[in-house]
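Visitor: Please show me the model. I have some short questions about it.

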Protein chains: 2
Amino acid sequence: MHRCHEHAHCIEDAIAAADRICTERGLRFTGLRRRVLELVWENHGSAKAYDLLDKLGGDYSAKPPTVYRALEFLQENGLVHKISSLNAYVGCSHPLEHSNCYFLICKKCNEVQECCAGTVAETLQDLANSNNFKPEQMTLEIEGVCSACQAGN
Amino acid sequence: MHRCHEHAHCIEDAIAAADRICTERGLRFTGLRRRVLELVWENHGSAKAYDLLDKLGGDYSAKPPTVYRALEFLQENGLVHKISSLNAYVGCSHPLEHSNCYFLICKKCNEVQECCAGTVAETLQDLANSNNFKPEQMTLEIEGVCSACQAGN
DNA sequence: TTTAATATGTTATAATGTAACTTCTTTCAC
DNA sequence: GTGAAAGAAGTTACATTATAACATATTAAA
């Protein structure tokens, strides 16, 4: 179930943003990459690589490297994120507009909400400072129950 | 390289703590489980399941389920943690004394430092509240360069 | 001391991910 | 436009990580 008003818009918006970013950067937003991004965005849950592979089906004579390479490209350009704790991928809901983002993963409906909050970045920096640690990359994934599911939907 | 004074103590302490916890809980801290925990503690980096398997070697006629089951037991009882972003495992440095802990992973020396800070828990709760999300489990892994490696060790 | 519970052994396979090389397509200098 | 170079995708093979399912052994408890 999608909790957005009209999920087709989510997909369209994501593709449009990707198109724009790739153009700006002189990157090739090929048919395959576009298709994989669409598939990732089929819903607001996370997508497993091999499920994407299945969905690609006959097109693109897809084999594992096909989908992993597309995902790698999309990740490098901030268009999808990997959720390490699930070995799965989600579309980025606001590409380029953040650095440290985190994920709220609902165990009931499986939707994943991407969030960015300055407070997290600050807290992290504090943590790092207090340990004299120079942070470069953060993985923050919170599993629980989303507001809609708590309400019994 | 270990940055502790005498690494044997780290292992001994971890085993002693595990022993105590298992006794308290009426759980069986079997030879296999003890051995796997020792191996996880061989250093302060993270251990991969199949490396543990190799190290078990002839003993215990080890096959994948052997080590995964031991790791599962150790995880359930808070004696080791899985580092999702590395698909690897680290010994818990203060079992039972925390709930929300996070990990500082040095990409140079590969050591993993486990931390618990009230501020993180609070920040998380704030995040969750602001999203009306009921958190149950957190994965927070920060990769970067530890203080010793920054100093050029 | 039998029974039940728990742990481990064993086989097989599932799921996730990558290396290395080939072929195709696009770009760009000429 | 053409040919060379770069980049993307195809292809084969395999590496890594993890689990299911059932058999056997060990321990704890009645």
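**Contacts, helices and rings**

Guide: A phosphate oxygen of DNA strand D lies 2.4 Å from an N or O atom in the side chain of A:Thr30. The model is predicted.

Visitor: Which base atom of DNA strand D is 2.6 Å from an N or O atom in the side chain of B:Tyr50?
Guide: B:Lys48 has a side-chain N or O atom 2.5 Å from a phosphate oxygen of DNA strand D. For B:Tyr50, the partner at 2.6 Å belongs to a base: a nitrogen.

Visitor: Which helix gives the most to the surface near DNA strand D?
Guide: α2 and α4 of chain A and α4 of chain B each supply at least two residues of that surface. By class, the surface has 8 nonpolar, 4 polar and 8 charged residues. With 4 residues, the helix that gives the most is α4(B).

Visitor: How much of DNA strand C within 4 Å of the protein is sugar and phosphate?
Guide: There are 20 residues around DNA strand C, and A:Lys48, A:Tyr50, A:Lys82, B:Thr30 and B:Arg69 come nearest. Of the strand's atoms that come within 4 Å of the protein, sugar and phosphate account for 54%.

Visitor: How far is a phosphate oxygen of DNA strand C from an N or O atom in the side chain of A:Tyr68?
Guide: B:Arg33 has a side-chain N or O atom 3.1 Å from a phosphate oxygen of DNA strand C. B:Arg28 has one 3.5 Å from a sugar or linking oxygen of that strand. For A:Tyr68 and a phosphate oxygen, the distance is 3.0 Å.

Visitor: What kind of aromatic pair do A:Tyr50 and A:Tyr68 form?
Guide: A search of the whole structure finds 2 aromatic pairs over all chains. In the pair of A:Tyr50 and A:Tyr68, the centres are 6.2 Å apart and the planes stand at 65 degrees. A:Tyr50 sits in helix α3 of chain A and A:Tyr68 in helix α4 of chain A, 18 residues apart. Planes over 60 degrees apart count as one class, so the pair is edge-to-face.

Visitor: At what angle do the axes of α1 and α2 of chain A cross?
Guide: The contact is made by A:Ile11, A:Ala14, A:Ile15, A:Ala18 and A:Asp19 of α1(A) with A:Arg34, A:Leu37 and A:Glu38 of α2(A). These residues divide into 5 nonpolar, no polar and 3 charged. The crossing is right-handed. The axes come within 9 Å and cross at roughly 145 degrees.

Note on methods. Residues are numbered from 1 along each chain as its sequence is written. Chains are lettered from A and ligands numbered from 1 in the order in which they are written. This is a predicted model: local features need pLDDT of at least 70, side-chain atom pairs count only at pLDDT 80 or more; totals for chains, interfaces and linings use all residues. Side-chain values use heavy atoms; hydrogens and water are left out. Axes are lines fitted to C-alpha atoms, for helices over the stretch in contact, and angles run from 0 to 180 degrees between N-to-C directions. A crossing is left-handed if the near helix is turned anticlockwise from the far one by less than a right angle, and right-handed if clockwise. Contact means heavy atoms within 4.5 Å. Ala, Val, Leu, Ile, Met, Phe, Trp, Tyr, Cys and Pro count as nonpolar, Asp, Glu, Lys and Arg as charged, and the others, Gly among them, as polar. A residue is near a molecule or strand if one of its heavy atoms lies within 4 Å of it. A polar contact is a pair of N or O atoms within 3.5 Å; within protein, one must be able to donate a hydrogen and the other to accept it, and residues adjacent in sequence count only if both atoms are side-chain atoms. Rings of Phe, Tyr and Trp (its six-membered ring) pair if their centres lie within 6.5 Å; planes under 30 degrees apart count as stacked, over 60 as edge-to-face and the rest as tilted.
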